[in-house]
Amino acid sequence: MLSTDILSWKQLSRRQQKPVHLILFITDHCNAKCGTCFYWQNLNQGESLKPDHIQKISEAMGELVWLDISGGEPFLRKDIDQICHRFLDHNQARFINIPTNAIQTSVIERSVNGILENKNPFRLNIAISIDGIGENHDRVRGVPGNYKKALATLEAMSAIRERDERLSLSVVTTVMRSNIDDVKQLLHLGVTDWDLDYHSLNILRGKPMDPALQSPTPEQYAEISKLQLKLCRSYFKGRWGALGGWTATMGRFFLNRYYMREVEGKPKDISCNAGDVSCVIDANGDVYFCELLKPVGNLKNYDWDFDRLWHDFEATQLRQKVQNGCHCTHECFQTKNLIFTPWRLV
Ligand code: SF4
Ligand code: SF4
């Protein structure tokens, strides 16, 4: 995949004030009830980006390096493969990431095969959410049997990955005070049983649906962070050559150290690239710099003209504000800060 990486750097050099990282909420429909969900107040309101709106968004974007297709549960959209093809063909998207609650294995399998019918040199990552072992996971997700279904989906994705090396497979786990022992087991399973390409950890963020859930203590996070760093060496070993693997592990080290300050209640303000490199568009047309801040506007009020909204007064003011200093543990954004401006996190 080195060729893909070189192409991505070429795309970054041509960016011209347009985001190269788009998080697109294609639907607010979801079939889970996760206590950890920070988007719960927006769920199941009947909002969904229509194909002509998606087309307008795609036309307004330049070349995209990262595209996150989100929701709700994104695989509840039957046309998810067509949406991906649109951004692959029109925006030369290089990395598409789709997080999923993995409940509907056969639907996900069909859609992933449909997306991979596009023969462009892109990488597709399916990120399966698993927050606990067995019934612990089912309880967090509010769906009996979710753990078994997630394992079935993992198996189905592994089989597709055997046939198509453009597919990669990760697990995403939300780390909180009540699931530390399970997180440790999950991290090991990712390497020993599931042959994952990566295991992401998100520290509980935003205002979760279950207000009783809490972030990990500093001691808990220190333990998890140490284990994650150790396992990083196996995930990154042999990838991008010896130096690339070492650099990626060092990046993880600096990110985890930055998150630790947050967990300890001593956050470090950094100049954030959200609203410049990255952009979020919600299923109802709201545009955000990141989901943790208020929207900068709604595309419906701009006749779906993204450029006009993105350079409007309100967006310009907020951009200045986040560039002056902000902080959080939102992995999608902090990994981009690490790539573009690593010195800010050190
Ligand atoms: S976290 Fe994801 S899967 Fe869970 S309720 Fe929220 S949108 Fe649905
Ligand atoms: S630091 Fe976090 S909350 Fe602040 S703008 Fe960046 S992503 Fe958003």
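# Strands, cores and ligand shells

Reader: In which sense do strand β1 (residues 21-25) and β7 pair?
Author: The model here is predicted. In it, four bridges link β1 and β7. One facing pair is Ile23 and Val280, the latter in β7. The pairing sense of β1 and β7 is parallel.

Reader: What is the order of the strands in the open sheet?
Author: The sheet has nine strands and its pairing is mixed. Its edge strands are β6 (198-203) and β9 (297-298), each pairing on one side only. From one edge to the other, the order is β6-β5-β4-β3-β2-β1-β7-β8-β9.

Reader: In β8, which residue is the bridge partner of Val280?
Author: β7 also pairs with strand β8 (residues 286-288), in the antiparallel sense and over two bridges. Val280 belongs to this pairing as well as facing Ile23. Its bridge partner in β8 is Tyr288.

Reader: Which residue takes a positive phi in the hairpin of β7 and β8?
Author: Four residues lie between the two strands of this hairpin. One residue there has a positive phi, near 95 degrees. That residue is Gly285.

Reader: Are the faces of strand β7 (residues 278-281) covered or open?
Author: In a regular strand, side chains alternate between the two faces of the sheet. In β7, Ser278 and Val280 are on one side, with Cys279 and Ile281 on the other. These residues are all buried. Both faces of β7 are therefore covered.

Reader: How many residues of β3 are buried?
Author: A residue counts as buried if 20 or more other C-beta atoms lie within 10 Å of its own. β3 has six residues, and it is largely enclosed by the rest of the structure. The buried residues of β3 number five.

Reader: Which residue in β4 stands opposite Phe95?
Author: Strand β3 (residues 95-100) runs parallel to strand β4 (residues 123-129). Six bridges join them. Opposite Phe95, in β4, stands Arg123.

Reader: In β3, which residue is the bridge partner of Leu67?
Author: Strand β2 (residues 66-70) pairs with β3 in the parallel sense, over three bridges. Leu67 also touches Leu22, Leu24, Phe87, Ala93 and Ile96, leaving aside residues up to four places away in sequence. One of these contacts is the bridge partner in β3, Ile96.

Reader: Which helix gives the most to the largest nonpolar core?
Author: The core has 76 residues. Leu64, Leu67 and Ile69 have the most contacts inside it. The helix that gives the most supplies five residues and covers residues 80-91. It is helix α3.

Reader: How many residues does the other core have?
Author: This second core lies apart from the largest one. Among its residues are Cys37, Tyr39, Leu43 and Val140. The count for this core is six.

Reader: How many charged residues are in the shell around ligand 1?
Author: Ligand 1 is surrounded by Cys30, Ala32, Lys33, Cys34, Cys37, Tyr39, Trp40, Gly71, Gly72, Glu73 and Asn101. Six of them are nonpolar and three are polar. The charged residues number two.

Reader: How many nonpolar residues does the shell around ligand 2 have?
Author: Around ligand 2 are Cys272, Ala274, Phe289, Cys290, Leu292, Leu293, Val322, Cys326, His327, Cys328, His330 and Phe333. This shell has two polar and no charged residues. Its nonpolar residues number 10.

Reader: How far apart are the end C-alpha atoms of helix α11 (residues 313-324)?
Author: Helix α11 has 12 residues. At 1.5 Å a residue, they should span 16 Å. The end C-alpha distance in the model agrees with that, at 17 Å.

Reader: Which residue follows α11?
Author: The residue after α11 has a positive phi, near 150 degrees. It is Gly325.

Reader: Is Asp195 buried or exposed?
Author: Asp195 is in the loop between α7 (180-192) and β6. Its phi is positive, about 50 degrees, although it is not a glycine. Asp195 has 11 C-beta neighbours inside 10 Å, and the cut-off for this class is 12 or fewer. So Asp195 counts as exposed.

Reader: And Trp304: buried or exposed?
Author: Trp304 sits in the loop between β9 and α10 (306-310). Its phi is also positive, about 60 degrees, although it is not a glycine. Because 21 other C-beta atoms lie within 10 Å, Trp304 is buried.

Technical notes. Residues are numbered from 1 along each chain as its sequence is written. Chains are lettered from A and ligands numbered from 1 in the order in which they are written. This is a predicted model: local features need pLDDT of at least 70, side-chain atom pairs count only at pLDDT 80 or more; totals for chains, interfaces and linings use all residues. A residue is near a molecule or strand if its C-beta atom, placed from the backbone, lies within 6 Å of it. Ala, Val, Leu, Ile, Met, Phe, Trp, Tyr, Cys and Pro count as nonpolar, Asp, Glu, Lys and Arg as charged, and the others, Gly among them, as polar. A nonpolar core is a set of buried Ala, Val, Leu, Ile, Met, Phe, Trp, Tyr and Cys residues joined through C-beta atoms within 7 Å. Two residues are in contact if their C-beta atoms, placed from the backbone, lie within 7 Å. The expected span of a helix is 1.5 Å times one less than its number of residues. Two strands pair if DSSP finds at least two bridges between them.
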